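Please walk through the fold of this model, sheet by sheet, and then look at its helices, cysteines and backbone angles.

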Amino acid sequence: MSSHKNYLFTSESVSEGHPDKVCDRISDSIVDLFLKHMPEARVALETLATTNRVVLAGEVRGPEAVGHEQMIETARMAIKDIGYDQEGFDWRKARIECLVHAQSADIAQGVDAAGNKDEGAGDQGIMFGYACRETDELMPAPIHYSHRILKALSDSRRSGRAKELLPDAKSQVTLQYENGKPVRATKIVVSTQHIEGLDQKDVRAIVKPYIEAVMPKGWMCPDDGLFVNPTGRFVIGGPDGDTGLTGRKIIVDTYGGAAPHGGGAFSGKDPTKVDRSAAYVARYLAKNVVAAGLAERCTIQISYAIGVADPMSFYVDLHGTGRVDEAKLEKALPEMVSLKPRGIREHLNLNRPIYARTSAYGHFGRAAEADGGFSWERTDLVAQLKSLFA
């Protein structure tokens, strides 16, 4: 985020019907399928979607009960749930091809625990976590409101209140920052797929009340700063309008560009993959630091080598807002939570089917759920951190 005090910052979101998000949802639904049958299953699954065609590819290690037919059926049910029964992309008619095969023995050898060797990281890589005080959820405000606008439209579409809207949609929110704090929106862009027969004015009339309901009082942009379906028409959408791939919306998935992102996507990966699990624990630690009042903003970076359990590095940046020395946090946080792949999974209880729900509207800033979903959003380290740094 900017180092100067007065500026504009923009983030975007995309709905669950966006072609890339369709693929994320399918991939994560298949991860859940495997973990439901076998919590220790290994899954690295990519999805491609285009006009009435879906291709599944990747590497898995799991129970024989989960084969190609089960994966194809899971993909089809994910498409149905999103709401695609259009001529160009129909959950009933789409041809789904499964090219998934067994995990490489070479990778398994490096990752599996054996003898005195602890389970290693599933790959090398760098992962980031971030938290700030811009919203109650300790998320950057532009991405938070971008997500909420689309979620409101989706909920209305699914309930039948906005039958004219279809699954594919995008949002973009530009906020004015004064003295480093967000104070209002200057521009908001929403593009949403709609049924035949509506013009731009019709769609604007449907969408605008939802945007106004989401934005805080006094934050709504001027009327000439609201752009709804700026191309004028959006009937053909989803994978029929644009090819989708798993993992192409990583900034949407995280902090909207307000914080760094590592090299890996999340969706389609079981929690032994540190691209996913270490990014989750980095958010968890950063959020607890901010929730404990130790800083206004916190960025954490963790890095790994394939087959090695311990992180290569652990870095904390409080962006000049800290009430505690960063070096002390770098020492204390890994002592509070093991940052080995197994330690992360056990602490956050990640070996369970909780991932399809993460595939749209952000992996972060969501409420921790009773069944363990979004466990990385808990703030259960706050008391310990306050005690440690009182």
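**Two sheets and their neighbours**

Strand 8 (residues 165-178) and strand 9 (residues 181-194) pair in the antiparallel sense, and eleven bridges join them. One of the bridges links Glu178 to Lys181 in strand 9. Keep in mind that this is a predicted model.

This pair belongs to an open sheet. Four strands form that sheet, in the order 1-8-9-10, with mixed pairing. Strand 1 (7-14) and strand 10 (226-228) are the edge strands, and each pairs on one side only. From one strand to the next, the twist averages 15 degrees. Helix 5 (residues 200-214) packs on this sheet. Helix 5 touches strand 8, strand 9 and strand 10, and its direction makes about 125 degrees with that of strand 10.

Helix 5 also has a helical partner. Helix 4 (residues 141-159) packs against helix 5 at an angle of about 130 degrees, and the two axes are 9 Å apart. That angle makes helix 4 oblique to helix 5. The crossing of helix 4 past helix 5 is right-handed. Which residues make the contact between helix 4 and helix 5? On the helix 4 side they are Tyr145, Arg148, Ile149, Ala152, Leu153 and Ser156. On the helix 5 side they are Val207, Tyr210, Ile211 and Val214.

Now turn to another sheet. This open sheet has three strands in the order 7-12-13, and its pairing is antiparallel. Strand 7 and strand 13 (313-317) stand at the edges. Each has a single partner strand, so one side of each is left without a neighbour in the sheet. The twist here averages 10 degrees from one strand to the next.

Strand 7 and strand 12 (residues 297-304) pair in the antiparallel sense over eight bridges. Among the bridge partners, Met127 is matched with Ile302 in strand 12. Ala131 is matched with Cys298, also in strand 12.

Is strand 7 (residues 125-132) largely enclosed or open? Seven of its eight residues are buried, so strand 7 is largely enclosed by the rest of the structure. An edge position in the sheet leaves one side of strand 7 without a neighbour there, but that concerns strand pairing. Burial counts cover from the whole structure.

Helices lie across this sheet. Helix 8 (residues 274-291) lies across strand 7, strand 12 and strand 13, and runs at about 30 degrees to strand 7. Helix 9 (residues 326-336) lies across strand 12 and strand 13, and runs at about 130 degrees to strand 13.

Helix 10 comes next. Its buried residues are Pro341, Gly343, Ile344, Arg345 and Leu348. What covers these buried residues includes helix 8 and strand 12. Strand 12 thus appears again: it pairs with strand 7, and it helps cover helix 10.

The cysteines come next. How many disulfides does the structure hold? It holds zero. A disulfide is a covalent bond between the sulfur atoms of two cysteines. A pair counts here if the sulfur atoms are within 2.5 Å. Take Cys98. Its closest cysteine sulfur is 14 Å away, in Cys23, and that is too far for a bond. Cys98 counts as buried, at 11% relative accessibility. Cys298 sits in strand 12, as the bridge partner of Ala131. The sulfur of Cys298 is 11 Å from the closest cysteine sulfur, in Cys132, again too far for a bond. Cys298 is buried, with a relative accessible area of 0%.

Last, look at the backbone. Most residues other than glycine have a negative phi. Asn229 has a positive phi, near 45 degrees. Asn229 lies in the loop between strand 10 and helix 6 (238-241). Is Asn229 buried or exposed? Asn229 counts as buried, at 2% relative accessibility.

Tyr361 also has a positive phi, near 70 degrees. The loop between helix 10 (341-348) and helix 11 (382-388) holds Tyr361. Tyr361 is buried, with a relative accessible area of 8%. Just after helix 10, Asn349 takes a positive phi of about 55 degrees.

Methods: Residues numbered from 1 in each chain as written. Predicted model: local features only at pLDDT ≥ 70, side-chain atom pairs only at ≥ 80, totals over all residues. Heavy atoms only, no water. Pairing = 2+ DSSP bridges. Helix = DSSP H or I, 4+ residues; strand = E, 2+ residues; numbered from the N terminus. Axes fitted to C-alpha atoms, helices over the stretch in contact; angles between N-to-C directions. Contact = heavy atoms within 4.5 Å. Buried < 20%, exposed > 50% of the residue type's maximum accessible area, 1.4 Å probe, protein only. Parallel < 35°, antiparallel > 145°, perpendicular 65-115°, else oblique. Left-handed = near helix turned anticlockwise from the far one by under 90°.
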